[in-house]
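Reader: I've got a chain loaded and would like to talk it through with you. Can we start from a single residue and work outward?

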Amino acid sequence: MKKRILLLASILSLVALAIGFYLWNKPPETVEDKEGINTTAVSIISAFEQDEQVATKKYLSQVVSVQGTVAEISNDQDSSVVLLLSGTDPLNGVQCTMKDKNITVKIGSPITIKGFCSGYTTVVLLTDCIIEKEGNNS
């Protein structure tokens, strides 16, 4: 009886180790691999301003494809390019931290950006962003 319990415990331990090894070595998700929730900068900002809890449930940690106009271009502390897509108010927008540090876009350009939604402060935050479409978003 003790041998069976020891054997069962050993098998369960091996299964747990195999699952842990798989999860540890699993490649991270990328925005390129996923279909984004299509929206506009104005719509996603409005969703968070109207009901932050509902918008958080819908968008947080999801890939979002946001259509908007570039209002500002800057760099963060890691030298990553950060684009701000304008909203209806100069105090809000969609802040997109880009994956590629060598992008060239112009302020006022229409653009579609896809990234992971990582939250909301006074702006909607997107990370690991890529440019899906640049130019006329019609």
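Author: Sure, and keep in mind that this is a predicted model. Let's begin with Thr97, which has its place in strand 4, residues 93-98.

Reader: Is Thr97 buried or exposed?

Author: A residue counts as buried when its relative accessible area is under 20%. Thr97 comes in at 18%, so Thr97 is buried.

Reader: Which residues does Thr97 touch, leaving out those up to four places away in sequence?

Author: Some of the partners sit at Asp76, Ser80, Val81 and Val82. The others in the list are Leu126, Thr127, Asp128 and Cys129.

Reader: Asp128 turns up there. What is its phi, and where does Asp128 lie?

Author: Most residues other than glycine have a negative phi. Asp128 is not a glycine, yet its phi is positive, about 55 degrees. As for its place, Asp128 belongs to strand 6, residues 124-134.

Reader: And how is Asp128 classed by accessibility?

Author: The class between buried and exposed runs from 20% to 50% relative accessible area. Asp128 has 38%, so the label is partly exposed.

Reader: Where is Ser61, and what is its phi?

Author: Ser61 sits in the loop between helix 3 and strand 2 (63-75). This is another residue other than glycine with a positive phi, with a value near 65 degrees.

Reader: Is Ser61 buried or exposed?

Author: Exposed means over 50% relative accessible area. With 54%, Ser61 is therefore exposed.

Reader: Back to strand 4: what about Met98, is it buried or exposed?

Author: Met98 lies in strand 4 too. The cut-off for buried is under 20%. Met98 has a relative accessibility of 4%, so it counts as buried.

Reader: Which residues does Met98 touch, and how far is its C-alpha atom from that of Val82?

Author: Not counting residues up to four places away in sequence, Met98 touches Ser80, Val81, Leu83, Ile103, Ile113, Cys129, Ile130 and Ile131. Met98 and Val82 are 16 residues apart along the chain. Their C-alpha atoms are separated by 6.0 Å.

Reader: On to the helices. At what angle do helix 2 and helix 3 pack, and what is that arrangement called?

Author: Helix 2 covers residues 41-50 and helix 3 covers residues 52-59, with their axes 5 Å apart. The angle between them is about 130 degrees. That makes helix 2 oblique to helix 3.

Reader: Which residues make the contact, and what classes do they fall into?

Author: Helix 2 contributes Ile44, Ala47, Phe48 and Gln50, while helix 3 brings Glu52, Ala55, Thr56 and Tyr59. By class, the contact has five nonpolar, two polar and one charged residues.

Reader: Zooming out, how many helices and strands are there, and in what order do the elements run?

Author: The protein chain has three helices and six strands. Starting at the N terminus, the order is α-β-α-α-β-β-β-β-β.

Reader: What is the radius of gyration of the protein chain, and what would a compact globule have?

Author: The C-alpha trace spans about 75 × 35 × 30 Å along its principal axes. A compact globule of 138 residues would come out near 14 Å in radius of gyration, whereas the protein chain has 21 Å.

Reader: What percentage of the residues is buried, and how much area does the protein chain expose?

Author: Of the 138 residues, 31% are buried. Carbon and sulfur atoms supply 57% of the exposed area, which totals about 9200 Å².

Notes:
Residues are numbered from 1 along each chain as its sequence is written. This is a predicted model: local features need pLDDT of at least 70, side-chain atom pairs count only at pLDDT 80 or more; totals for chains, interfaces and linings use all residues. Side-chain values use heavy atoms; hydrogens and water are left out. Axes are lines fitted to C-alpha atoms, for helices over the stretch in contact, and angles run from 0 to 180 degrees between N-to-C directions. Helices (H or I, at least four residues) and strands (E, at least two) are DSSP runs, numbered from the N terminus. Angles under 35 degrees count as roughly parallel, over 145 as roughly antiparallel, 65 to 115 as roughly perpendicular and the rest as oblique. Contact means heavy atoms within 4.5 Å. Ala, Val, Leu, Ile, Met, Phe, Trp, Tyr, Cys and Pro count as nonpolar, Asp, Glu, Lys and Arg as charged, and the others, Gly among them, as polar. The radius of gyration is taken over C-alpha atoms; the globule rule is 2.2 Å times the number of residues to the power 0.38. Buried means under 20% relative accessible area, exposed over 50%, partly exposed in between (1.4 Å probe, protein chains only). Accessible areas come from the Shrake-Rupley method with a 1.4 Å probe; for residues, only the protein chains shown count as cover.
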